[in-house]
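Open the model in your viewer and keep the selection panel at hand. The stops below come in order.

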Amino acid sequence: MKVLVSALEVSANTHFKALRALLPEVEWLGIYDPLEPRDKPLFSSKDFAVMGFKEVILKLGFIYKALRQMGALSCQADVILLMDSSSFNIPLAKRIKKHSPNKPIIYYILPQVWAWKSYRAPIIERYCDQLGAILPFELSYYKSKAEYVGHPLLDEIKDFKTRPQGRGVVFMPGSRKQEIDALFSIFAQVAQKIPLRRILVVPPNLQGSDLSALYGKDISLFEISYNAPQSLYEAEFAFICSGTATLQAALIGTPFVLAYKARILDYYIAKSLVKLTCIGLANIFYNALHQESPGRGTTMLHPELIQKDVNPTNLLQAYAQMDRAHFVREAQRLRAYLNTGSAKRVSEWIKSKALDNTFSFL
């Protein structure tokens with residue numbers, strides 16, 4: 001069985017790892033981070049690691065080239081698996097359906113149409129055959145093809161806290177260079193003020209890189225970890241850049257503060273397009289738990305510091321004031337809301353679609 005996968009993000013590749021463990025017989029084609037010697041991806045997530053409107057524009061030539069190559073490669077696949085990255089994956093789905101209308105396409109980790117660009121939902125349903133929602137409230141945006149499959153982080157996290165505990169503080173300034181440049185120096189100032197074990201979690205795809213060149217001399221303040229779930233479970237608190245890692249910490253039960261800084265132009269463009277009261281996934285789910293519009297509610301699980309509010313004083317204040325016992329109790333509610341992992345259900349879809357596609361040619 002051959003499956004063309006399009007996983008452009010670091011987080012998508014983390015989820016992909018859990019999925020492929022259930023499909024050892026599959027030959028993977030396309031865009032993904034290699035894990036085994038036999039893996040020969042067309043591109044990896046590193047090739048798409050851009051942040052900001054300007055960087056995307058500068059990389060448009062490469063992106064169009066990748067779309068053409070992925071469209072051509074899809075002819076060899078039994079099933080297409082799209083993961084997140086809607087700006088790339090929706091055009092890819094259109095391209096594939098144009099020349100191979102019967103090729104089954106699964107979209108797993110759907111775009112955040114609940115936050116913005118809701119018009120994309122009917123487009124996705126038109127060009128994809130099965131939609132794997134990882135957020136329960138996403139289903140209301142689709143007519144018939146979407147199913148809640150569970151959340152992939154519940155496949156990946158093995159240890160959960162039931163009471164406030166831990167030793168040391170975790171710092172996660174993001175996976176993209178622009179994120180690291182914006183946050184790491186501020187996190188380093190915070191680390192100097194906290195007389196505890198200090199752990200810098202580095203994305204696994206950066207293992208083997210020159211970390212001093214990427215982070216700077218202050219990296220000497222930290223222990224280095226490439227294992228986010230383990231480090232978060234062992235720590236008593238975390239400072240985290242916005243992204244999947246914030247939900248990871250919430251599900252584990254490690255109190256944290258979200259910090260996010262973008263270039264001024266990027267921030268104001270995004271703010272004009274996306275009207276949200278919170279950006280952290282845990283807070284967005286927490287809105288839903290309190291019958292509020294996800295991402296537009298007022299009930300928050302953790303503090304969010306954005307742009308000019310991201311400074312050592314505010315971060316240290318959030319650290320000191322966090323009600324850790326309350327956080328751990330509410331994290332348990334959040335886990336119950338998401339209920340289960342998603343890899344098993346999506347692996348069953350892939351096997352079923354591949355079998356249906358095989359019989360269609362007999």
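The tour goes from a charged surface patch to a group of aromatic rings.

This is a predicted model: local features need pLDDT of at least 70, side-chain atom pairs count only at pLDDT 80 or more, and totals for chains, interfaces and linings use all residues. Numbering starts from 1 along each chain as its sequence is written, and side-chain values use heavy atoms, without hydrogens and water.

**Stop 1: the patch.** Select Lys65, Arg68, Arg95 and Lys98; they form a positive surface patch. Patch residues have over 30% relative accessible area and no salt bridge (a side-chain nitrogen of Lys or Arg within 4 Å of a carboxyl oxygen of Asp or Glu). Like charges are joined within 9 Å. Now show helices H3 (60-73) and H4 (86-99): each supplies at least two residues of the patch. Arg68 is found in H3. Helices here are DSSP runs (H or I) of at least four residues, and strands (E) of at least two.

**Stop 2: the rings.** The whole structure holds 19 aromatic pairs. Ring centres must lie within 6.5 Å; planes under 30 degrees apart count as stacked, over 60 as edge-to-face, the rest as tilted.

Select Phe171 and Phe187. Their ring centres are 5.9 Å apart and the planes stand at 55°, so the pair is tilted. Phe171 lies in strand S7 (residues 169-172) and Phe187 in helix H7 (residues 177-193), so the pair ties together parts 16 residues apart in sequence. Both Phe171 and Phe187 are buried (under 20% relative accessible area, 1.4 Å probe, protein chains only).

Swap Phe187 for Phe239. The rings of Phe171 and Phe239 have centres 5.2 Å apart and planes at 15°, so this pair is stacked. Phe239 sits in strand S10 (residues 237-241) and Phe171 in S7, so the pair ties together parts 68 residues apart in sequence. Phe239 is buried too, like Phe171.

**Stop 3: the cluster.** Add Phe184, Tyr215, Phe222, Phe237 and Tyr319; ring pairs link them with Phe171, Phe187 and Phe239 into a cluster.

Notes. Patch = residues over 30% accessible without salt bridge, like charges linked within 9 Å, V, L, I, M, F, W, Y side chains within 5 Å. Areas by Shrake-Rupley, 256 points an atom, 1.4 Å probe, with all protein chains shown as cover. Lys, Arg positive; Asp, Glu negative; His and termini not counted. Charge placed at Lys NZ, Arg CZ, Asp CG, Glu CD. Phe/Tyr/Trp six-rings, centres within 6.5 Å; stacked < 30°, edge-to-face > 60°. Buried < 20%, exposed > 50% of the residue type's maximum accessible area, 1.4 Å probe, protein only.
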